[in-house]
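Here is a quick tour of the model on your screen. Have a look at it first, then read on.

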Amino acid sequence: TSSNSVLTVNSGAVITTQPAATQTLCVGVAANFSVVATGTSLTYQWKVSTDGTNYTDLTNTGIYTGATTSVLRLSSGVTSSYSGYKYKCTVTGSCGSAVTSNEATLTVNSPISISASPSNSTICSGNNTTFSVTASGTSPTYQWKVSTNGGSSYTNLSDAGVYTGVTTATLTITGATAGMNSYKYHCVVSGTCASATSDAATLTINAAPSTPGSITGNSTIFSNTNQSYSVAT
């Protein structure tokens with residue numbers, strides 16, 4: 001009887017869990033893409049496409065680590081320039097052909113940034129004016145607020161009375177009253193990633209002159225003498 005022999009059967013690579021189809025995060029937040037595979041003596045190679053078509057092998061440089069493991073890690077150095085990048089992993093085993101995972105897309109949302117705050121406005125009572133803010137970032141929404149106490153506190157405005165556009169980039173005031181003199185306005189811009197508040201702008205209302213009173217009474221004077229008249233305003 002001969003000695004025993006051991007039969008070893010190596011299995012090819014099979015991906016059992018694909019990476020998440022999308023990964024959405026804010027600028028400066030870390031991310032992971034992972035793949036689960038079975039097989040003998042597996043090796044991994046993550047790839048990236050910056051144009052959605054062509055893929056290149058990743059290395060452990062820059063924001064990337066784990067480029068040749070089952071988990072690709074992106075550090076907190078992720079910027080908005082990486083938004084739209086696509087990733088996939090090629091897994092190779094001892095037998096059979098290499099298999100490639102489905103692709104996963106990275107979406108990086110940008111924080112809100114205000115580049116232009118509203119400017120002060122001076123108008124006459126009864127006239128119209130606008131306040132505008134310029135902001136960038138992912139999915140911005142707007143809420144204008146007013147302070148009637150010199151900026152100590154602010155309350156949300158609604159589209160009522162003299163106000164329209166309170167949830168847009170431009171607030172419109174139609175028919176401002178003298179009582180609104182020195183009111184302050186700012187805008188809170190919110191987005192997918194945090195929010196930002198503009199500087200405040202002051203509304204100055206110049207009051208129109210009141211209707212003057214009438215001149216009453218007649219005067220009789222001598223030639224070459226003076227006489228004055230006055231009217232109440």
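## Ground rules and overall make-up

Helices (H or I, at least four residues) and strands (E, at least two) are DSSP runs, numbered from the N terminus. Counted that way, the chain has 22 strands and 0 helices.

Keep in mind that this is a predicted model, where local features need pLDDT of at least 70 and side-chain atom pairs count only at pLDDT 80 or more, while totals for chains, interfaces and linings use all residues. Residues are numbered from 1 along each chain as its sequence is written, and side-chain values use heavy atoms, with hydrogens and water left out.

## Overall shape

How far does the C-alpha trace of the chain span along its principal axes? The answer is about 155 × 30 × 30 Å. The radius of gyration tells a matching story: the chain has 35 Å, whereas a compact globule of 233 residues would be near 17 Å. That radius is taken over C-alpha atoms, and the globule rule is 2.2 Å times the number of residues to the power 0.38.

For a feel of the distances, take Leu7 and Val189: they sit 182 residues apart in sequence and 68 Å apart in space, C-alpha to C-alpha. Leu7 belongs to the segment before β1 (14-17).

## Surface, contacts and charge

Of the 233 residues, 30% count as buried; buried means under 20% relative accessible area, exposed over 50%, and partly exposed in between (1.4 Å probe, protein chains only). Leu7 has 75% relative accessibility, so it counts as exposed. The accessible surface of the chain comes to about 13,200 Å², with 48% of it belonging to carbon and sulfur atoms. These areas come from the Shrake-Rupley method with a 1.4 Å probe, and for residues only the protein chains shown count as cover.

Now for contacts, meaning heavy atoms within 4.5 Å. Among those between residues at least 6 apart in sequence, 58% join residues at least 24 apart. On the charge side, the chain has 6 positive and 5 negative side chains, and the centres of the two sets lie 6 Å apart. Lys and Arg count as positive and Asp and Glu as negative, with His and the chain ends not counted; each charge is placed at NZ of Lys, CZ of Arg, CG of Asp or CD of Glu.

## Two open sheets

Two strands pair if DSSP finds at least two bridges between them. One open sheet of 3 strands runs in the order β3-β8-β7, with antiparallel pairing. Why is one side of β3 (31-34) and of β7 (64-65) left without a neighbour in the sheet? Because these strands stand at the edges, each with a single partner strand. β3 is joined to β8 (residues 71-74) by 4 bridges, and Phe33 stands opposite Leu72 in β8.

Another open sheet has 3 strands in the order β14-β19-β18, again with antiparallel pairing. Its edge strands, β14 (129-132) and β18 (163-164), each pair on one side only. β18 and β19 are joined by 2 bridges, and Tyr163 has Ile173 in β19 as its bridge partner.

## Two serines with positive phi

Most residues other than glycine have a negative phi. Ser41, though not a glycine, has a positive phi of about 50 degrees. Ser41 lies in the loop between β4 (36-38) and β5 (43-49), and its 54% relative accessibility is why it counts as exposed.

Ser182 also isn't a glycine, yet has a positive phi of about 75 degrees. Its place is the loop between β19 (170-173) and β20 (184-190). Buried, partly exposed or exposed? Ser182 counts as partly exposed, because its relative accessibility is 40%.
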